[in-house]
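Here are a few short exercises to work through with the model open. Try each task before you read its solution.

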Amino acid sequence: MRIAALVLVLLAAGTNETPERVVQVVARRFTYSPDVIELQLGVPVVIELTSADRDHGFTVPDLGLRIDVEPGKTARVRLVPSKVGTFAFHCDVFCGSGHEEMVGRIVVTGPMPAGAANAR
């Protein structure tokens, strides 16, 4: 048992990959929270979606993403942004009057310039 734990620690220490960023989004009748998701080009992210009330959908046509969001469950979608821009998302499961206003956007920016993080 100790050997297995040591192997896992060594494997984790040997990887230079940063963990994926997780963005949590809550869908509820006629809103997403947050409704703006800011991402960085090439940086992997997992969007975790939950519903506070009923079935919803989450679709980002320009990025080819589509997932169902059901109450009591967490839906996950992994994304590595490959282009800069603003991409609209919306609910594609009818959830009542006001459904058409259930929208948001993903904003993908370019890579942070070297040294910019230290300038703060």
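**Exercise 1.** Work out what share of the chain's residues count as buried.

*Solution.* Buried means under 20% relative accessible area, with a 1.4 Å probe and protein chains only. By that cut-off, 29% of the 120 residues are buried. A word on the ground rules: this is a predicted model, where local features need pLDDT of at least 70 and side-chain atom pairs count only at pLDDT 80 or more, while totals for chains, interfaces and linings use all residues. Numbering starts from 1 along each chain as its sequence is written, and side-chain values use heavy atoms, leaving out hydrogens and water.

**Exercise 2.** Find which residues have the most contacts inside the largest nonpolar core, and which strands feed it.

*Solution.* Start with the term: such a core is a set of buried Ala, Val, Leu, Ile, Met, Phe, Trp, Tyr and Cys residues joined through side-chain atoms within 4.5 Å. This one has 24 residues, with Y32, I37, L39, L49, F58 and I106 making the most contacts inside it. Next, the strands (DSSP E runs of at least two residues): β1, β3, β4, β5, β6, β7, β8 and β9 each give at least two residues to this core.

**Exercise 3.** List what L49 touches beyond four places away in sequence.

*Solution.* Count a contact when heavy atoms lie within 4.5 Å. L49 then meets V25, F58, I67, V69, K73, T74, A75 and V77.

Notes. Buried < 20%, exposed > 50% of the residue type's maximum accessible area, 1.4 Å probe, protein only. Helix = DSSP H or I, 4+ residues; strand = E, 2+ residues; numbered from the N terminus.
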